[in-house]
Amino acid sequence: MHSLLERQKKAGGGVDAGLELPAGSLPQPQRMFSCVGCFWVLLSSCLVAVCSFSFLSPAWIVKEPPLPQAQDETSAVLCSGGCALLAISSLLAIIAVFLPSGLCERRVCTLAGYMQTAAVFIMASGLLVYPFGLNSATVKKFCENSAIYYAGDCQIGWGYMLAIVGVMLSVFLPFFAKYAPKEHISPTPIPTIL
C-alpha cells in the first residue's frame with residue numbers, strides 16, 4: 001500500500017491523484033486472535049492440567065484403611081504418553097494463536113488437532129486397560145473378591161473418575177482445532193459439517 005501511494009505521488013504530483021477507493025473497500029485490520037482459537041487454547045491448557053493431575057493422583061483405588069497405591073504398568077504408560085502428547089499439542093495451540101493467519105497457522109492447528117486426537121485414543125485405551133489390573137495378585141491381596149471391572153471391597157477413586165472426565169472433554173479439542181485459524185476457507189462452519 002505504501003509503494004502504491006509513492007507511485008501515485010510521482011505520477012500525479014500528489015496523494016489525491018487517482019487514488020479513490022470504492023466505498024466499503026477499506027483495508028480491514030488483521031485480527032490478532034480468534035475467539036475459537038483462544039477458547040481452544042484455554043480448554044487445551046485446562047485439560048492438560050486435569051489429565052496430568054488425575055494421572056499423578058494416588059486415588060485410583062480407595063479402601064479404608066488406605067492402600068499402597070499403584071497403577072497397572074500398561075495403563076500408566078498409556079496415560080502418561082497421552083498426557084505428554086496432549087501437553088505438546090497444547091503448546092502447539094498456544095503457538096498457533098500467535099501466528100499470523102495463513103497456511104502456516106492452518107498447518108499448526110491441523111497438526112495439533114491430530115495430536116490431540118491421538119492423545120484421546122491413547123489415554124482412553126489406558127483407562128480401559130486399567131481395570132484389568134484389578135485382577136492382579138497385588139490388588140486381590142488388599143481388595144478381596146476383586147476381578148476385572150469389579151473392585152471388590154475397594155472403590156474406584158476420584159483420580160480415575162477425573163481422568164475419565166478429562167478424556168471425555170478432550171474429545172472436543174480436535175473439533176475446535178479445525179475452526180481455530182483466524183481465516184476459514186468457508187464463511188460458515190455449517191456447510192463443512194454437513
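**Helix packing and ring pairs in a predicted helical model**

Ser54 sits in helix 2, and this residue makes a convenient entry point to the structure, which is a predicted model. With a relative accessible area of 1%, Ser54 is buried, because buried means under 20%. Beyond its neighbours within four places in sequence, Ser54 is in contact with Trp60, Gly159, Leu162 and Ala163. The C-alpha atoms of Ser54 and Val165 are 9.8 Å apart in space, although the two residues are 111 residues apart in sequence.

Stepping back to the whole chain, the secondary structure of the protein consists of eight helices and two strands. Along the sequence these elements follow the order α-α-β-α-α-α-β-α-α-α. The protein has 194 residues, and 35% of them are buried. Among contacts with a separation of 6 or more, 71% join residues that are 24 or more positions apart. The accessible surface comes to about 11,900 Å², and carbon and sulfur atoms account for 70% of that area.

Helix 4 deserves a closer look. This helix runs over residues 103–129 and has 27 residues, which at 1.5 Å a residue should span 39 Å; the C-alpha atoms at its ends are 39 Å apart, so the expected and modelled spans agree. Which residues of helix 4 are buried? They are Glu105, Val108, Cys109, Ala112, Gly113, Met115, Gln116, Ala119, Val120, Met123, Gly126 and Leu127. An α-helix has 3.6 residues a turn, so residues three or four places apart point the same way. The cover over the buried residues of helix 4 includes helix 2 (35–56), helix 3, helix 6 (158–170) and helix 7 (173–178).

Two buried residues outside helix 4 show how this cover looks at the level of single residues. Ser89 is placed in helix 3, which spans residues 73–98. Ser89 has a relative accessible area of 0% and is therefore buried, the limit being under 20%. Apart from neighbours within four places in sequence, Ser89 is in contact with Ala112, Met115 and Gln116, and these three residues are among the buried residues of helix 4. Pro181, in turn, lies in the loop between helix 7 and helix 8 (190–193). At a relative accessible area of 4%, Pro181 is also buried. Not counting residues up to four places away in sequence, Pro181 touches Ser34, Glu105, Arg106 and Cys109; of these, Glu105 and Cys109 belong to the buried residues of helix 4. Pro181 and Cys35 are 146 residues apart along the chain, yet their C-alpha atoms are separated by 9.7 Å.

The aromatic residues add another set of links. A search of the whole structure finds six aromatic pairs. One of them joins Phe39 and Phe176 in an edge-to-face arrangement, with 5.0 Å centre to centre and 75 degrees between the planes. This pair links distant parts of the chain, as Phe39 is in helix 2 and Phe176 is in helix 7, 137 residues apart. Are these two rings buried or exposed? Phe39 counts as partly exposed at 40% relative accessibility, and Phe176 is likewise partly exposed, with a relative accessible area of 25%.

Phe132 and Tyr149 form an aromatic pair that is also edge-to-face, with 5.6 Å centre to centre and 70 degrees between the planes. Phe132 lies in the loop between helix 4 and helix 5 (137–142), and Tyr149 lies in the loop between helix 5 and strand 2 (155–156), so this pair ties together parts that are 17 residues apart in sequence. Phe132 has a relative accessible area of 44% and is partly exposed, whereas Tyr149 is exposed at 52%. Ring pairs also link Trp60, Tyr130 and Tyr160 into a cluster. Trp60 is one of the contacts of the buried Ser54.

Finally, the surface carries a nonpolar patch of about 470 Å², made by Val165, Leu169, Val171, Phe172 and Phe175. Phe175 is placed in helix 7. Its relative accessibility is 57%, so Phe175 counts as exposed, the limit being over 50%. Val165, another member of the patch, is the residue whose C-alpha atom is 9.8 Å from that of Ser54.

Technical notes: Residues numbered from 1 in each chain as written. Predicted model: local features only at pLDDT ≥ 70, side-chain atom pairs only at ≥ 80, totals over all residues. Heavy atoms only, no water. Helix = DSSP H or I, 4+ residues; strand = E, 2+ residues; numbered from the N terminus. Buried < 20%, exposed > 50% of the residue type's maximum accessible area, 1.4 Å probe, protein only. Contact = heavy atoms within 4.5 Å. Areas by Shrake-Rupley, 256 points an atom, 1.4 Å probe, with all protein chains shown as cover. Expected span 1.5 Å × (residues − 1). Patch = residues over 30% accessible without salt bridge, like charges linked within 9 Å, V, L, I, M, F, W, Y side chains within 5 Å. Salt bridge = Lys/Arg side-chain N within 4 Å of Asp/Glu carboxyl O. Phe/Tyr/Trp six-rings, centres within 6.5 Å; stacked < 30°, edge-to-face > 60°.
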